[in-house]
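Got your viewer open and a hand on the selection tool? Let's take a walk through this structure, one stop at a time.

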Amino acid sequence: MDPELERCLAGLREATEFAKSYRFEMTDDYLSLLARVEAMPQNQSGADKSHVWRALHAFTETFKNVRLLPRNT
Amino acid sequence: MSDPLAPLGREFLSRAVRYLLIGVAGANFYAPRPAPRFVTDDWDLFLPLDADNLVHAWAACDAAGMELWLGDEPLDRPRDRWLADRIIERAALTRATGPDDLKVDLTLVMKGFDFETAWKERRAFLVDGVQISTARLTHIVQSKQAAGRQKDQLFLATHRDSLEQLLKKPELD
């Protein structure tokens, strides 16, 4: 197997194992971050969020046709 | 291209349907522009345990050209109050699909919250000129933590990291 591919697959296995054991802890810092974001002027009622879906749509359209090209060795 | 949720939001509004956008799609509405958003295929709408409201929500989906599903089966007809009562008894989720690959889950459960509590602190954002009722970001996050699924835990860790990056950008205040 290509050593680079093997390295990537090993990384994915490690990430999978980490995800199984990970436990998220709520912290006061995170809660204060959420409060700060909620308090932003652009997050008050009446704010226009039309750009949100368009940005995500553009992102997924950009990457949906990505193909892995063989490396020239 | 316009947001696929807007036509449904318009139908909800015309029928006075009470709902809250929750989940990842709801959290995305709060992300300041430079911050990364999270790709999701579906929109989670939290509805109260109110049969009339649910019947109106189904009618709105129908008017928006969407199909309704209960699990893998099309939702039975007539989609009346009797059926809504049965769905509410089971706190079952109905899914509305299409057009434009739109997938909307009409859920009666937001883990850790009753509808009225979340409703009182909602934000009314605008999407293509249509008001979209959205739960507070803090409520969305706390609900995800209460749900405790692996995908929620990973979302929270990533979301927290992305917000922490904002602390380094004072111009966002």
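Start by selecting A:Leu9, which counts as partly exposed because its relative accessibility is 31%. Keep in mind as you look around that this is a predicted model. A:Leu9 sits in helix H1 of chain A, which covers residues 3-21. Now add A:Met1, A:Leu5 and A:Leu12 to your selection: together with A:Leu9 they make a nonpolar surface patch of about 410 Å².

**Next stop: a negative patch**

Clear that and pick A:Asp28, A:Asp29, B:Asp161 and B:Glu164, which form a negative surface patch. Two elements each give two or more residues to this patch: helix H2 (28-38) of chain A and helix H7 (150-166) of chain B. Zoom in on B:Glu164, which you will find in helix H7 of chain B. Is B:Glu164 buried or exposed, or partly exposed? With a relative accessibility of 32%, B:Glu164 counts as partly exposed.

**Salt bridges**

Side chains of opposite charge can pair when their charged atoms come close. How many salt bridges does a search of the whole structure find? The search gives 15 over all chains.

Select A:Arg54 and B:Asp128 to see one of them: their side chains meet in a salt bridge, at 3.3 Å from N to O. A:Arg54 is in helix H3 (residues 50-63) of chain A, while B:Asp128 is in the loop between strands E7 (123-127) and E8 (130-134) of chain B, so this pair joins two chains. A:Arg54 is partly exposed, at 33% relative accessibility, and B:Asp128 is partly exposed too, at 26%.

Stay on B:Asp128 a moment and look at its backbone. Its phi is near 50 degrees, a positive value in a residue other than glycine.

Now go to B:Glu116 and B:Arg18. They form a salt bridge whose closest N and O atoms are 2.6 Å apart. This pair links distant parts of the chain, 98 residues apart: B:Glu116 is in helix H5 (residues 115-120) of chain B, and B:Arg18 is in the loop between helix H1 (5-14) and strand E1 (20-22) of chain B. B:Glu116 is partly exposed at 35% relative accessibility, and B:Arg18 is partly exposed at 24%.

While you are in that loop between H1 and E1 of chain B, click on B:Ala16. Here, too, phi is positive in a residue other than glycine, near 55 degrees. B:Ala16 has a relative accessible area of 59%, so it counts as exposed.

For another setting, select B:Lys144 and B:Asp152. Their side chains meet in a salt bridge, 2.9 Å from N to O. Buried or exposed? B:Lys144 counts as buried at 10% relative accessibility, and B:Asp152 is buried at 1%. Then try a group: A:Glu38, B:Glu121 and B:Arg136 are joined into one network by salt bridges that share partners.

**Aromatic rings**

Time to show some rings. Over all chains, a search of the whole structure finds nine aromatic pairs. Select A:Phe59 and A:Phe63: their ring centres are 4.9 Å apart and their planes are at 50 degrees, so the pair is tilted. Both are in helix H3 of chain A, four residues apart, which is about one turn of the helix. A:Phe59 is partly exposed at 43% relative accessibility, and A:Phe63 is partly exposed at 48%.

Then jump to B:Phe38 and B:Phe155, an edge-to-face aromatic pair with 4.9 Å centre to centre and 65 degrees between the planes. B:Phe38 lies in the loop between helix H2 (23-28) and strand E2 (42-46) of chain B, and B:Phe155 lies in helix H7 of chain B, so the pair ties together parts that are 117 residues apart in sequence. B:Phe38 counts as buried at 15% relative accessibility, and B:Phe155 counts as buried at 7%. Before leaving the rings, select B:Phe29, B:Tyr30 and B:Phe125, which form one aromatic cluster.

**Last stop: two cis bonds**

Which kind of peptide bond runs from B:Arg77 to B:Pro78? That bond is cis, with omega near -5 degrees. B:Pro78 is in the loop between strand E4 (73-74) and helix H4 (81-89) of chain B. Finish at B:Gly98 and B:Pro99, which are joined by a cis peptide bond with omega about -5 degrees. Look for B:Pro99 in the loop between strand E5 (94-97) and strand E6 (103-107) of chain B.

Definitions and conventions:
Residues numbered from 1 in each chain as written. Chains lettered and ligands numbered in written order. Predicted model: local features only at pLDDT ≥ 70, side-chain atom pairs only at ≥ 80, totals over all residues. Heavy atoms only, no water. Salt bridge = Lys/Arg side-chain N within 4 Å of Asp/Glu carboxyl O. Buried < 20%, exposed > 50% of the residue type's maximum accessible area, 1.4 Å probe, protein only. Patch = residues over 30% accessible without salt bridge, like charges linked within 9 Å, V, L, I, M, F, W, Y side chains within 5 Å. Areas by Shrake-Rupley, 256 points an atom, 1.4 Å probe, with all protein chains shown as cover. Lys, Arg positive; Asp, Glu negative; His and termini not counted. Charge placed at Lys NZ, Arg CZ, Asp CG, Glu CD. Phe/Tyr/Trp six-rings, centres within 6.5 Å; stacked < 30°, edge-to-face > 60°.
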